[in-house]
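Biologist: I have a model open and I'd like to learn how to read it. Could you walk me through the way its parts fit together?

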Protein chains: 2
Amino acid sequence: MTNSALCTPHRRIKCQTCALRHLCLLGHLPGDDIDSLEQHIQHSQLIQRGKYLFFSGEPAHSLYAVHSGSVKTYLVDNAGNEQVIGFHLTGELIGLDGLDEGHHLVSARTLETSSICEIPITELMNPGGKLHGLSSRLLRIASHQLREDEEHLFWIGKYNPEQRLALFLLNLSERYQQRGFSATEFNLSMSRIDIANYLAVAGETISRMLLLLQQKGLIRVDRKLVRLDNLNGLKELVSS
Amino acid sequence: MTNSALCTPHRRIKCQTCALRHLCLLGHLPGDDIDSLEQHIQHSQLIQRGKYLFFSGEPAHSLYAVHSGSVKTYLVDNAGNEQVIGFHLTGELIGLDGLDEGHHLVSARTLETSSICEIPITELMNPGGKLHGLSSRLLRIASHQLREDEEHLFWIGKYNPEQRLALFLLNLSERYQQRGFSATEFNLSMSRIDIANYLAVAGETISRMLLLLQQKGLIRVDRKLVRLDNLNGLKELVSS
DNA sequence: CGCCTAATTGACGTATATCAAGTTTCGTGG
DNA sequence: CCACGAAACTTGATATACGTCAATTAGGCG
(Lines give C-alpha, C1' and ligand atoms only; values in the text may rest on other atoms or scores of the structure.)
Protein backbone atom coordinates (compact mmCIF):
# COMPACT_ATOMS: atom_id res chain seq x y z
CA MET A 1 0.00 0.00 0.00
CA THR A 2 1.45 3.30 -1.12
CA ASN A 3 2.48 5.77 1.55
CA SER A 4 0.91 3.57 4.19
CA ALA A 5 -2.29 5.25 3.17
CA LEU A 6 -4.41 2.31 4.23
CA CYS A 7 -2.79 1.75 7.57
CA THR A 8 -5.15 3.86 9.60
CA PRO A 9 -6.79 1.61 12.16
CA HIS A 10 -10.53 1.37 11.70
CA ARG A 11 -13.46 -0.61 12.92
CA ARG A 12 -13.33 -3.90 11.10
CA ILE A 13 -16.40 -4.94 9.16
CA LYS A 14 -16.65 -8.49 7.97
CA CYS A 15 -17.95 -9.17 4.49
CA GLN A 16 -20.74 -11.36 5.79
CA THR A 17 -22.24 -8.57 7.82
CA CYS A 18 -21.36 -5.78 5.40
CA ALA A 19 -24.32 -3.69 4.38
CA LEU A 20 -22.90 -3.42 0.88
CA ARG A 21 -22.79 -7.08 0.04
CA HIS A 22 -25.22 -6.79 -2.85
CA LEU A 23 -23.04 -4.13 -4.50
CA CYS A 24 -19.72 -5.74 -3.84
CA LEU A 25 -17.51 -8.22 -5.57
CA LEU A 26 -18.31 -10.83 -2.98
CA GLY A 27 -22.01 -10.24 -2.82
CA HIS A 28 -22.97 -13.01 -5.19
CA LEU A 29 -20.64 -15.70 -3.95
CA PRO A 30 -21.64 -18.77 -1.98
CA GLY A 31 -20.91 -18.47 1.75
CA ASP A 32 -18.06 -20.93 1.63
CA ASP A 33 -16.18 -18.91 -0.92
CA ILE A 34 -16.56 -15.76 1.09
CA ASP A 35 -15.24 -17.53 4.14
CA SER A 36 -12.08 -18.58 2.31
CA LEU A 37 -11.46 -15.14 0.96
CA GLU A 38 -12.55 -13.21 4.00
CA GLN A 39 -9.40 -13.76 5.99
CA HIS A 40 -7.15 -12.32 3.32
CA ILE A 41 -9.03 -9.09 2.86
CA GLN A 42 -8.14 -5.88 4.61
CA HIS A 43 -11.60 -4.65 5.47
CA SER A 44 -12.73 -1.06 5.15
CA GLN A 45 -9.63 0.88 6.02
CA LEU A 46 -10.08 4.61 6.35
CA ILE A 47 -8.14 6.83 3.96
CA GLN A 48 -8.00 10.60 3.95
CA ARG A 49 -8.98 12.76 1.04
CA GLY A 50 -6.31 13.06 -1.63
CA LYS A 51 -4.33 9.98 -0.63
CA TYR A 52 -3.27 7.46 -3.23
CA LEU A 53 -4.39 3.86 -3.35
CA PHE A 54 -1.70 3.12 -5.90
CA PHE A 55 0.33 4.73 -8.66
CA SER A 56 0.55 3.94 -12.33
CA GLY A 57 3.35 1.51 -12.97
CA GLU A 58 3.44 0.04 -9.48
CA PRO A 59 3.19 -3.72 -9.13
CA ALA A 60 -0.46 -4.66 -8.87
CA HIS A 61 -0.71 -6.83 -5.80
CA SER A 62 -4.25 -5.97 -4.79
CA LEU A 63 -7.62 -4.87 -6.00
CA TYR A 64 -9.47 -2.21 -4.05
CA ALA A 65 -13.16 -2.00 -3.29
CA VAL A 66 -14.77 1.27 -2.30
CA HIS A 67 -16.67 0.67 0.92
CA SER A 68 -17.61 4.31 1.30
CA GLY A 69 -16.46 7.59 -0.19
CA SER A 70 -15.18 7.98 -3.72
CA VAL A 71 -12.02 7.52 -5.75
CA LYS A 72 -10.78 8.82 -9.06
CA THR A 73 -8.55 6.87 -11.40
CA TYR A 74 -6.44 8.62 -14.00
CA LEU A 75 -3.68 8.11 -16.50
CA VAL A 76 -0.52 10.23 -16.68
CA ASP A 77 1.85 10.37 -19.63
CA ASN A 78 5.53 11.20 -19.46
CA ALA A 79 4.81 14.83 -20.31
CA GLY A 80 2.74 15.05 -17.13
CA ASN A 81 -0.66 15.24 -18.80
CA GLU A 82 -3.40 13.73 -16.69
CA GLN A 83 -6.53 12.13 -18.04
CA VAL A 84 -9.21 11.18 -15.54
CA ILE A 85 -10.53 7.74 -16.48
CA GLY A 86 -13.21 7.13 -13.90
CA PHE A 87 -14.92 8.11 -10.66
CA HIS A 88 -15.64 5.18 -8.39
CA LEU A 89 -18.38 5.01 -5.80
CA THR A 90 -19.40 2.64 -3.05
CA GLY A 91 -19.22 -1.01 -4.04
CA GLU A 92 -17.01 -0.50 -7.07
CA LEU A 93 -13.81 -2.40 -7.68
CA ILE A 94 -10.61 -0.66 -8.73
CA GLY A 95 -7.48 -2.04 -10.28
CA LEU A 96 -8.73 -4.63 -12.75
CA ASP A 97 -6.72 -3.05 -15.54
CA GLY A 98 -3.57 -4.08 -13.70
CA LEU A 99 -4.27 -7.81 -13.81
CA ASP A 100 -2.91 -8.49 -17.25
CA GLU A 101 0.54 -6.97 -17.05
CA GLY A 102 0.97 -7.22 -13.31
CA HIS A 103 1.37 -3.51 -12.76
CA HIS A 104 -1.19 -0.76 -12.54
CA LEU A 105 -2.09 1.24 -15.61
CA VAL A 106 -3.93 4.04 -13.84
CA SER A 107 -3.24 5.85 -10.61
CA ALA A 108 -5.97 6.00 -7.98
CA ARG A 109 -6.62 8.60 -5.30
CA THR A 110 -9.46 9.36 -2.98
CA LEU A 111 -11.73 12.33 -3.64
CA GLU A 112 -12.84 12.45 -0.02
CA THR A 113 -12.09 10.52 3.12
CA SER A 114 -13.05 7.00 2.15
CA SER A 115 -13.13 3.52 3.49
CA ILE A 116 -11.46 0.99 1.24
CA CYS A 117 -11.17 -2.79 1.25
CA GLU A 118 -8.01 -4.32 -0.12
CA ILE A 119 -8.14 -7.74 -1.77
CA PRO A 120 -4.86 -9.49 -2.59
CA ILE A 121 -4.67 -10.57 -6.20
CA THR A 122 -2.90 -13.81 -5.44
CA GLU A 123 -6.05 -15.06 -3.79
CA LEU A 124 -8.12 -14.14 -6.81
CA MET A 125 -6.01 -15.41 -9.64
CA ASN A 126 -5.01 -18.75 -8.18
CA PRO A 127 -6.07 -21.18 -10.92
CA GLY A 128 -5.99 -24.21 -8.66
CA GLY A 129 -7.96 -22.44 -5.98
CA LYS A 130 -11.37 -23.39 -4.73
CA LEU A 131 -13.04 -20.13 -5.55
CA HIS A 132 -14.68 -21.11 -8.77
CA GLY A 133 -17.56 -18.73 -8.44
CA LEU A 134 -15.20 -15.86 -7.92
CA SER A 135 -13.54 -15.93 -11.32
CA SER A 136 -16.74 -15.61 -13.25
CA ARG A 137 -17.91 -12.89 -10.90
CA LEU A 138 -14.67 -11.00 -11.46
CA LEU A 139 -15.01 -11.46 -15.18
CA ARG A 140 -18.45 -9.92 -15.10
CA ILE A 141 -17.15 -6.98 -13.14
CA ALA A 142 -14.37 -6.52 -15.67
CA SER A 143 -16.96 -6.73 -18.43
CA HIS A 144 -18.99 -4.05 -16.72
CA GLN A 145 -15.98 -1.81 -16.40
CA LEU A 146 -15.28 -2.31 -20.10
CA ARG A 147 -18.80 -1.18 -20.81
CA GLU A 148 -18.32 1.98 -18.78
CA ASP A 149 -15.06 2.89 -20.44
CA GLU A 150 -16.58 2.35 -23.86
CA GLU A 151 -19.56 4.53 -23.06
CA HIS A 152 -17.18 7.16 -21.75
CA LEU A 153 -15.40 6.95 -25.09
CA PHE A 154 -18.70 7.48 -26.82
CA TRP A 155 -19.47 10.57 -24.78
CA ILE A 156 -16.20 12.21 -25.63
CA GLY A 157 -16.26 11.14 -29.25
CA LYS A 158 -19.76 12.14 -30.19
CA TYR A 159 -21.24 14.77 -27.90
CA ASN A 160 -20.59 18.44 -27.23
CA PRO A 161 -19.61 19.77 -23.80
CA GLU A 162 -23.18 20.51 -22.74
CA GLN A 163 -24.30 17.02 -23.64
CA ARG A 164 -21.29 15.41 -22.01
CA LEU A 165 -22.08 17.19 -18.78
CA ALA A 166 -25.71 16.09 -18.98
CA LEU A 167 -24.60 12.50 -19.56
CA PHE A 168 -22.23 12.74 -16.65
CA LEU A 169 -24.91 14.01 -14.30
CA LEU A 170 -27.42 11.41 -15.48
CA ASN A 171 -24.83 8.70 -14.99
CA LEU A 172 -24.10 9.84 -11.44
CA SER A 173 -27.83 10.10 -10.79
CA GLU A 174 -28.37 6.49 -11.79
CA ARG A 175 -25.44 5.22 -9.79
CA TYR A 176 -26.53 7.09 -6.67
CA GLN A 177 -30.02 5.72 -7.08
CA GLN A 178 -28.68 2.18 -7.35
CA ARG A 179 -26.98 2.80 -4.02
CA GLY A 180 -30.16 3.95 -2.33
CA PHE A 181 -29.50 7.67 -2.50
CA SER A 182 -31.48 10.37 -4.22
CA ALA A 183 -31.37 10.31 -7.99
CA THR A 184 -32.05 14.02 -8.19
CA GLU A 185 -29.95 15.59 -5.48
CA PHE A 186 -26.38 14.76 -4.58
CA ASN A 187 -22.98 16.18 -3.87
CA LEU A 188 -20.22 16.20 -6.41
CA SER A 189 -17.22 14.83 -4.58
CA MET A 190 -14.89 15.79 -7.42
CA SER A 191 -13.73 19.26 -8.41
CA ARG A 192 -14.89 21.06 -11.54
CA ILE A 193 -11.44 20.53 -12.97
CA ASP A 194 -11.72 16.80 -12.44
CA ILE A 195 -15.09 16.76 -14.18
CA ALA A 196 -13.67 18.83 -17.01
CA ASN A 197 -10.72 16.53 -17.36
CA TYR A 198 -12.93 13.45 -17.29
CA LEU A 199 -15.14 14.90 -20.01
CA ALA A 200 -12.21 16.19 -22.04
CA VAL A 201 -13.18 19.86 -21.96
CA ALA A 202 -11.71 22.94 -20.29
CA GLY A 203 -12.50 23.73 -16.66
CA GLU A 204 -14.05 27.02 -17.65
CA THR A 205 -16.38 25.22 -19.98
CA ILE A 206 -17.78 23.15 -17.13
CA SER A 207 -18.56 26.34 -15.21
CA ARG A 208 -20.31 27.74 -18.23
CA MET A 209 -22.24 24.59 -19.01
CA LEU A 210 -23.41 24.18 -15.43
CA LEU A 211 -24.69 27.72 -15.64
CA LEU A 212 -26.32 27.03 -18.98
CA LEU A 213 -28.12 23.93 -17.74
CA GLN A 214 -29.28 25.92 -14.76
CA GLN A 215 -30.55 28.75 -16.94
CA LYS A 216 -32.48 26.20 -18.95
CA GLY A 217 -34.14 25.08 -15.73
CA LEU A 218 -32.77 21.57 -15.98
CA ILE A 219 -30.57 21.61 -12.91
CA ARG A 220 -29.78 23.72 -9.89
CA VAL A 221 -26.25 24.02 -8.62
CA ASP A 222 -24.99 25.31 -5.32
CA ARG A 223 -21.32 24.79 -4.89
CA LYS A 224 -20.87 21.01 -4.67
CA LEU A 225 -24.58 20.28 -4.41
CA VAL A 226 -26.48 19.51 -7.59
CA ARG A 227 -30.18 19.04 -8.04
CA LEU A 228 -31.53 17.57 -11.25
CA ASP A 229 -34.89 19.26 -11.75
CA ASN A 230 -35.70 17.75 -15.10
CA LEU A 231 -34.24 14.34 -15.82
CA ASN A 232 -36.16 13.96 -19.06
CA GLY A 233 -34.99 17.34 -20.22
CA LEU A 234 -31.41 16.28 -19.66
CA LYS A 235 -32.02 13.09 -21.59
CA GLU A 236 -33.60 14.94 -24.48
CA LEU A 237 -30.61 17.23 -24.61
CA VAL A 238 -28.46 14.22 -25.36
CA SER A 239 -30.63 12.65 -28.04
CA SER A 240 -30.66 15.63 -30.38
CA MET B 1 -24.84 -15.80 -35.54
CA THR B 2 -26.34 -12.80 -37.25
CA ASN B 3 -27.35 -13.17 -40.87
CA SER B 4 -25.78 -16.60 -40.93
CA ALA B 5 -22.59 -14.71 -41.50
CA LEU B 6 -20.44 -17.47 -40.06
CA CYS B 7 -22.09 -20.33 -41.87
CA THR B 8 -19.74 -20.39 -44.81
CA PRO B 9 -18.07 -23.78 -44.89
CA HIS B 10 -14.35 -23.56 -44.41
CA ARG B 11 -11.41 -25.76 -43.77
CA ARG B 12 -11.50 -26.65 -40.11
CA ILE B 13 -8.43 -25.86 -38.06
CA LYS B 14 -8.14 -27.34 -34.62
CA CYS B 15 -6.85 -25.21 -31.79
CA GLN B 16 -4.02 -27.61 -31.05
CA THR B 17 -2.57 -27.25 -34.51
CA CYS B 18 -3.46 -23.59 -34.95
CA ALA B 19 -0.52 -21.40 -35.83
CA LEU B 20 -1.96 -18.63 -33.70
CA ARG B 21 -2.02 -20.47 -30.40
CA HIS B 22 0.39 -18.10 -28.73
CA LEU B 23 -1.81 -15.13 -29.54
CA CYS B 24 -5.13 -16.72 -28.79
CA LEU B 25 -7.33 -17.12 -25.78
CA LEU B 26 -6.52 -20.79 -25.58
CA GLY B 27 -2.83 -20.50 -26.14
CA HIS B 28 -1.85 -20.61 -22.50
CA LEU B 29 -4.16 -23.34 -21.33
CA PRO B 30 -3.14 -26.86 -20.38
CA GLY B 31 -3.86 -29.42 -23.08
CA ASP B 32 -6.70 -31.01 -21.17
CA ASP B 33 -8.61 -27.77 -20.95
CA ILE B 34 -8.22 -27.16 -24.65
CA ASP B 35 -9.52 -30.62 -25.37
CA SER B 36 -12.66 -29.99 -23.36
CA LEU B 37 -13.33 -26.66 -24.99
CA GLU B 38 -12.23 -27.61 -28.46
CA GLN B 39 -15.35 -29.50 -29.38
CA HIS B 40 -17.65 -26.57 -28.65
CA ILE B 41 -15.79 -24.04 -30.75
CA GLN B 42 -16.69 -23.20 -34.31
CA HIS B 43 -13.23 -22.98 -35.80
CA SER B 44 -12.14 -20.33 -38.24
CA GLN B 45 -15.27 -19.68 -40.26
CA LEU B 46 -14.83 -17.42 -43.25
CA ILE B 47 -16.78 -14.17 -43.28
CA GLN B 48 -16.94 -11.65 -46.07
CA ARG B 49 -15.98 -8.02 -45.71
CA GLY B 50 -18.67 -5.86 -44.15
CA LYS B 51 -20.63 -8.68 -42.52
CA TYR B 52 -21.68 -8.46 -38.91
CA LEU B 53 -20.53 -10.76 -36.15
CA PHE B 54 -23.23 -9.40 -33.88
CA PHE B 55 -25.28 -6.30 -33.23
CA SER B 56 -25.49 -4.10 -30.19
CA GLY B 57 -28.29 -5.28 -27.93
CA GLU B 58 -28.35 -8.84 -29.18
CA PRO B 59 -28.08 -11.64 -26.63
CA ALA B 60 -24.42 -12.44 -26.13
CA HIS B 61 -24.14 -16.17 -26.59
CA SER B 62 -20.61 -16.30 -27.92
CA LEU B 63 -17.24 -14.65 -27.93
CA TYR B 64 -15.41 -14.29 -31.22
CA ALA B 65 -11.71 -14.69 -31.90
CA VAL B 66 -10.14 -13.20 -34.99
CA HIS B 67 -8.21 -15.98 -36.71
CA SER B 68 -7.30 -13.82 -39.66
CA GLY B 69 -8.47 -10.51 -41.09
CA SER B 70 -9.77 -7.65 -39.02
CA VAL B 71 -12.93 -6.48 -37.30
CA LYS B 72 -14.19 -3.16 -36.02
CA THR B 73 -16.42 -2.74 -33.00
CA TYR B 74 -18.54 0.33 -32.56
CA LEU B 75 -21.32 1.82 -30.50
CA VAL B 76 -24.48 3.34 -31.93
CA ASP B 77 -26.86 5.59 -30.04
CA ASN B 78 -30.55 6.00 -30.76
CA ALA B 79 -29.89 9.07 -32.89
CA GLY B 80 -27.79 6.88 -35.18
CA ASN B 81 -24.40 8.26 -34.22
CA GLU B 82 -21.65 5.72 -34.53
CA GLN B 83 -18.50 5.68 -32.46
CA VAL B 84 -15.80 3.22 -33.43
CA ILE B 85 -14.45 1.62 -30.26
CA GLY B 86 -11.77 -0.67 -31.56
CA PHE B 87 -10.06 -2.41 -34.45
CA HIS B 88 -9.30 -6.04 -33.82
CA LEU B 89 -6.54 -8.07 -35.43
CA THR B 90 -5.50 -11.67 -35.53
CA GLY B 91 -5.67 -13.39 -32.16
CA GLU B 92 -7.88 -10.84 -30.48
CA LEU B 93 -11.06 -11.69 -28.66
CA ILE B 94 -14.28 -9.77 -29.23
CA GLY B 95 -17.42 -9.57 -27.15
CA LEU B 96 -16.17 -9.47 -23.59
CA ASP B 97 -18.18 -6.36 -22.87
CA GLY B 98 -21.32 -8.45 -23.35
CA LEU B 99 -20.60 -10.85 -20.51
CA ASP B 100 -21.96 -8.78 -17.68
CA GLU B 101 -25.42 -7.94 -18.93
CA GLY B 102 -25.84 -10.87 -21.26
CA HIS B 103 -26.26 -8.79 -24.38
CA HIS B 104 -23.72 -7.09 -26.57
CA LEU B 105 -22.85 -3.45 -26.00
CA VAL B 106 -21.03 -2.88 -29.25
CA SER B 107 -21.72 -4.07 -32.77
CA ALA B 108 -18.99 -5.89 -34.65
CA ARG B 109 -18.35 -6.11 -38.38
CA THR B 110 -15.50 -7.31 -40.51
CA LEU B 111 -13.25 -4.81 -42.29
CA GLU B 112 -12.14 -7.41 -44.81
CA THR B 113 -12.86 -11.04 -45.49
CA SER B 114 -11.88 -12.67 -42.22
CA SER B 115 -11.78 -16.00 -40.54
CA ILE B 116 -13.43 -16.04 -37.15
CA CYS B 117 -13.68 -18.59 -34.35
CA GLU B 118 -16.85 -18.63 -32.28
CA ILE B 119 -16.69 -19.70 -28.64
CA PRO B 120 -19.97 -20.28 -26.79
CA ILE B 121 -20.17 -18.33 -23.57
CA THR B 122 -21.93 -21.08 -21.66
CA GLU B 123 -18.75 -23.12 -21.85
CA LEU B 124 -16.70 -20.25 -20.51
CA MET B 125 -18.82 -19.01 -17.67
CA ASN B 126 -19.80 -22.35 -16.17
CA PRO B 127 -18.76 -21.91 -12.52
CA GLY B 128 -18.79 -25.64 -11.80
CA GLY B 129 -16.83 -26.40 -14.94
CA LYS B 130 -13.44 -27.96 -15.07
CA LEU B 131 -11.77 -25.15 -16.95
CA HIS B 132 -10.13 -23.41 -14.06
CA GLY B 133 -7.26 -22.04 -16.04
CA LEU B 134 -9.62 -20.53 -18.53
CA SER B 135 -11.28 -18.06 -16.18
CA SER B 136 -8.09 -16.41 -15.13
CA ARG B 137 -6.93 -16.31 -18.73
CA LEU B 138 -10.18 -14.66 -19.75
CA LEU B 139 -9.84 -12.21 -16.92
CA ARG B 140 -6.42 -11.20 -18.13
CA ILE B 141 -7.72 -10.68 -21.62
CA ALA B 142 -10.51 -8.52 -20.25
CA SER B 143 -7.93 -6.61 -18.25
CA HIS B 144 -5.91 -6.06 -21.39
CA GLN B 145 -8.95 -4.81 -23.26
CA LEU B 146 -9.64 -2.42 -20.40
CA ARG B 147 -6.14 -1.10 -20.77
CA GLU B 148 -6.63 -0.49 -24.48
CA ASP B 149 -9.91 1.33 -24.02
CA GLU B 150 -8.38 3.50 -21.33
CA GLU B 151 -5.42 4.39 -23.49
CA HIS B 152 -7.81 5.18 -26.32
CA LEU B 153 -9.61 7.50 -23.92
CA PHE B 154 -6.32 9.17 -23.16
CA TRP B 155 -5.57 9.74 -26.83
CA ILE B 156 -8.86 11.42 -27.44
CA GLY B 157 -8.81 13.39 -24.23
CA LYS B 158 -5.30 14.82 -24.34
CA TYR B 159 -3.86 14.89 -27.86
CA ASN B 160 -4.53 16.85 -31.02
CA PRO B 161 -5.51 15.19 -34.30
CA GLU B 162 -1.95 14.94 -35.59
CA GLN B 163 -0.79 13.27 -32.38
CA ARG B 164 -3.77 10.96 -32.29
CA LEU B 165 -3.00 9.76 -35.78
CA ALA B 166 0.63 9.22 -34.84
CA LEU B 167 -0.44 7.22 -31.79
CA PHE B 168 -2.81 5.20 -33.90
CA LEU B 169 -0.11 4.34 -36.43
CA LEU B 170 2.39 3.50 -33.72
CA ASN B 171 -0.16 1.29 -32.04
CA LEU B 172 -0.88 -0.58 -35.27
CA SER B 173 2.82 -0.86 -35.91
CA GLU B 174 3.39 -2.53 -32.57
CA ARG B 175 0.50 -4.89 -32.96
CA TYR B 176 1.59 -5.95 -36.43
CA GLN B 177 5.08 -6.52 -35.17
CA GLN B 178 3.77 -8.73 -32.36
CA ARG B 179 2.08 -10.79 -35.06
CA GLY B 180 5.25 -11.24 -37.03
CA PHE B 181 4.56 -8.60 -39.68
CA SER B 182 6.52 -5.52 -40.54
CA ALA B 183 6.40 -2.77 -37.96
CA THR B 184 7.04 -0.11 -40.57
CA GLU B 185 4.93 -1.09 -43.55
CA PHE B 186 1.37 -2.35 -43.51
CA ASN B 187 -2.04 -1.96 -45.03
CA LEU B 188 -4.81 -0.08 -43.32
CA SER B 189 -7.79 -2.37 -43.51
CA MET B 190 -10.14 0.35 -42.32
CA SER B 191 -11.34 3.41 -44.24
CA ARG B 192 -10.20 6.94 -43.48
CA ILE B 193 -13.64 7.61 -42.12
CA ASP B 194 -13.34 4.72 -39.69
CA ILE B 195 -9.97 6.00 -38.52
CA ALA B 196 -11.42 9.48 -38.14
CA ASN B 197 -14.35 8.17 -36.19
CA TYR B 198 -12.11 6.06 -33.97
CA LEU B 199 -9.91 9.07 -33.22
CA ALA B 200 -12.87 11.42 -32.81
CA VAL B 201 -11.92 13.82 -35.58
CA ALA B 202 -13.41 14.64 -39.00
CA GLY B 203 -12.62 12.48 -42.00
CA GLU B 204 -11.11 15.43 -43.82
CA THR B 205 -8.78 15.99 -40.90
CA ILE B 206 -7.35 12.50 -41.29
CA SER B 207 -6.58 13.23 -44.94
CA ARG B 208 -4.86 16.44 -43.97
CA MET B 209 -2.90 14.91 -41.12
CA LEU B 210 -1.73 12.00 -43.23
CA LEU B 211 -0.47 14.53 -45.72
CA LEU B 212 1.14 16.57 -42.98
CA LEU B 213 2.98 13.58 -41.51
CA GLN B 214 4.13 12.72 -45.00
CA GLN B 215 5.36 16.26 -45.64
CA LYS B 216 7.31 16.05 -42.40
CA GLY B 217 8.98 12.93 -43.74
CA LEU B 218 7.65 10.74 -40.96
CA ILE B 219 5.47 8.48 -43.04
CA ARG B 220 4.66 7.66 -46.64
CA VAL B 221 1.13 6.88 -47.69
CA ASP B 222 -0.12 5.28 -50.85
CA ARG B 223 -3.79 4.59 -50.72
CA LYS B 224 -4.19 1.87 -48.07
CA LEU B 225 -0.49 1.23 -47.72
CA VAL B 226 1.43 3.07 -45.03
CA ARG B 227 5.11 3.12 -44.40
CA LEU B 228 6.49 4.53 -41.17
CA ASP B 229 9.81 6.08 -42.10
CA ASN B 230 10.64 7.54 -38.73
CA LEU B 231 9.21 5.79 -35.73
CA ASN B 232 11.11 7.95 -33.26
CA GLY B 233 9.91 11.06 -35.00
CA LEU B 234 6.34 9.90 -34.56
CA LYS B 235 6.96 9.21 -30.90
CA GLU B 236 8.50 12.61 -30.34
CA LEU B 237 5.51 14.20 -31.94
CA VAL B 238 3.38 12.72 -29.19
CA SER B 239 5.55 13.68 -26.24
CA SER B 240 5.51 17.41 -26.88
C1' DC C 1 -15.90 1.25 -69.75
C1' DG C 2 -18.81 3.75 -66.45
C1' DC C 3 -20.88 4.24 -62.13
C1' DC C 4 -20.56 4.84 -57.19
C1' DT C 5 -18.11 5.40 -53.13
C1' DA C 6 -13.90 6.97 -50.88
C1' DA C 7 -10.54 10.30 -50.54
C1' DT C 8 -8.59 14.72 -51.28
C1' DT C 9 -8.34 19.63 -51.32
C1' DG C 10 -9.92 24.31 -50.48
C1' DA C 11 -12.73 28.10 -48.28
C1' DC C 12 -15.07 29.44 -44.33
C1' DG C 13 -17.38 29.75 -39.75
C1' DT C 14 -17.73 28.67 -35.13
C1' DA C 15 -17.39 26.19 -30.89
C1' DT C 16 -14.48 25.94 -27.44
C1' DA C 17 -9.68 26.53 -25.67
C1' DT C 18 -6.87 29.90 -23.85
C1' DC C 19 -5.66 33.92 -21.38
C1' DA C 20 -6.69 37.06 -17.83
C1' DA C 21 -9.11 39.26 -14.05
C1' DG C 22 -12.07 38.86 -10.40
C1' DT C 23 -14.70 36.39 -6.80
C1' DT C 24 -15.84 32.89 -3.63
C1' DT C 25 -14.77 29.10 -0.72
C1' DC C 26 -12.38 26.77 2.64
C1' DG C 27 -8.78 25.32 5.60
C1' DT C 28 -5.46 27.00 8.99
C1' DG C 29 -3.58 29.31 12.60
C1' DG C 30 -3.57 33.23 15.37
C1' DC D 1 -14.11 33.17 16.28
C1' DC D 2 -12.08 35.78 13.00
C1' DA D 3 -8.48 36.84 9.57
C1' DC D 4 -5.62 35.36 6.22
C1' DG D 5 -3.92 33.00 2.15
C1' DA D 6 -4.31 29.64 -1.24
C1' DA D 7 -7.27 27.08 -4.14
C1' DA D 8 -11.20 26.59 -6.60
C1' DC D 9 -14.45 28.61 -9.23
C1' DT D 10 -16.63 32.08 -12.16
C1' DT D 11 -16.89 35.36 -15.76
C1' DG D 12 -15.38 37.92 -19.79
C1' DA D 13 -12.54 38.82 -24.07
C1' DT D 14 -10.04 36.86 -27.73
C1' DA D 15 -7.80 33.61 -30.91
C1' DT D 16 -7.61 29.53 -33.47
C1' DA D 17 -7.84 24.69 -34.45
C1' DC D 18 -10.78 21.99 -36.42
C1' DG D 19 -15.43 20.93 -38.19
C1' DT D 20 -18.46 21.74 -41.86
C1' DC D 21 -19.70 22.55 -46.52
C1' DA D 22 -18.66 22.13 -51.25
C1' DA D 23 -16.23 20.87 -55.37
C1' DT D 24 -12.97 17.76 -57.45
C1' DT D 25 -10.36 13.64 -58.21
C1' DA D 26 -9.22 8.94 -57.81
C1' DG D 27 -10.28 3.97 -57.19
C1' DG D 28 -12.76 -0.07 -57.07
C1' DC D 29 -15.95 -3.17 -58.94
C1' DG D 30 -19.57 -4.70 -61.79
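Modeller: Sure, and keep in mind that this is a predicted model. Let's begin with how the copies meet: 100% of the interface residues of chain A are also interface residues in chain B, so the copies meet through the same surface.

Biologist: How should I think about the relation between two copies, and what rotation superposes chain A on chain B?

Modeller: The general idea is that two copies of a chain are related by a rotation about an axis and a shift along it. Here, chain A lands on chain B after a rotation of 180° with 0.0 Å of shift along the axis, and the RMSD is 0.0 Å. The two copies are therefore related as by a two-fold rotation axis.

Biologist: How many residues of chain A are in contact with chain B, and what area is buried between the two chains?

Modeller: On chain A, 45 residues are in contact with 45 residues of chain B. Between them the chains bury about 4,400 Å², and carbon and sulfur atoms give 64% of that area. If you want names to click on, try A:Leu139, A:Arg147 and A:Leu153: they supply 17% of the area that chain A buries against chain B, more than any other three residues.

Biologist: What about polar contacts, and which elements give residues to the side of chain A that touches chain B?

Modeller: There are 24 residue pairs in polar contact between chain A and chain B, counting pairs with both residues at pLDDT 80 or more. On the side of chain A that touches chain B, the elements that give two or more residues are strand S4 (71-76), S5 and helix H3 (132-158) of chain A. H3(A) brings the largest share, 21 residues. By residue type, that side of chain A divides into 18 nonpolar, 16 polar and eleven charged.

Biologist: With charged residues there, how do I read salt bridges, and how many cross the interface of chain A and chain B?

Modeller: The principle is simple: side chains of opposite charge can pair when their charged atoms come close. Across the interface of chain A and chain B there are four salt bridges, while the structure over all chains holds 14. One to look at joins A:Asp100 and B:Arg140, at 3.4 Å from N to O. In another, the side chains of B:Arg147 and A:Glu101 meet at 3.9 Å, N to O. That pair crosses between chains: B:Arg147 sits in helix H3 (residues 132-158) of chain B, and A:Glu101 lies in the loop between strand S6 (93-94) and strand S7 (107-110) of chain A.

Biologist: Now within one chain. Which domains does the assignment give for chain A, and how far apart are their centres?

Modeller: For chain A the assignment gives domain 1 (2-131) and domain 2 (159-238). Their centres, taken over C-alpha atoms, are 26 Å apart. In chain A, 15 residues of domain 1 are in contact with twelve residues of domain 2. The area buried between these two domains is about 1,200 Å², with 54% of it from carbon and sulfur atoms.

Biologist: And which pairings link the two domains of chain A?

Modeller: Count three salt bridges between domain 1 and domain 2 of chain A, plus nine residue pairs in polar contact, both at pLDDT 80 or more. One salt bridge to inspect is A:Arg175 with A:Glu92, whose closest N and O atoms are 3.1 Å apart. Strand S5 (residues 82-88) of chain A gives the most to the side of domain 1 that touches domain 2, with seven residues. The residues on that side of domain 1 of chain A divide into six nonpolar, five polar and four charged.

Technical notes:
Residues numbered from 1 in each chain as written. Chains lettered and ligands numbered in written order. Predicted model: local features only at pLDDT ≥ 70, side-chain atom pairs only at ≥ 80, totals over all residues. Heavy atoms only, no water. Domains from an automatic or database assignment. Contact = heavy atoms within 4.5 Å. Buried area = accessible area lost by both parts, 1.4 Å probe. Polar contact = N/O pair within 3.5 Å; in protein donor to acceptor, adjacent residues only side chain to side chain. Helix = DSSP H or I, 4+ residues; strand = E, 2+ residues; numbered from the N terminus. Nonpolar A, V, L, I, M, F, W, Y, C, P; charged D, E, K, R; others polar. Least-squares fit on C-alpha atoms with pLDDT ≥ 70 in both.
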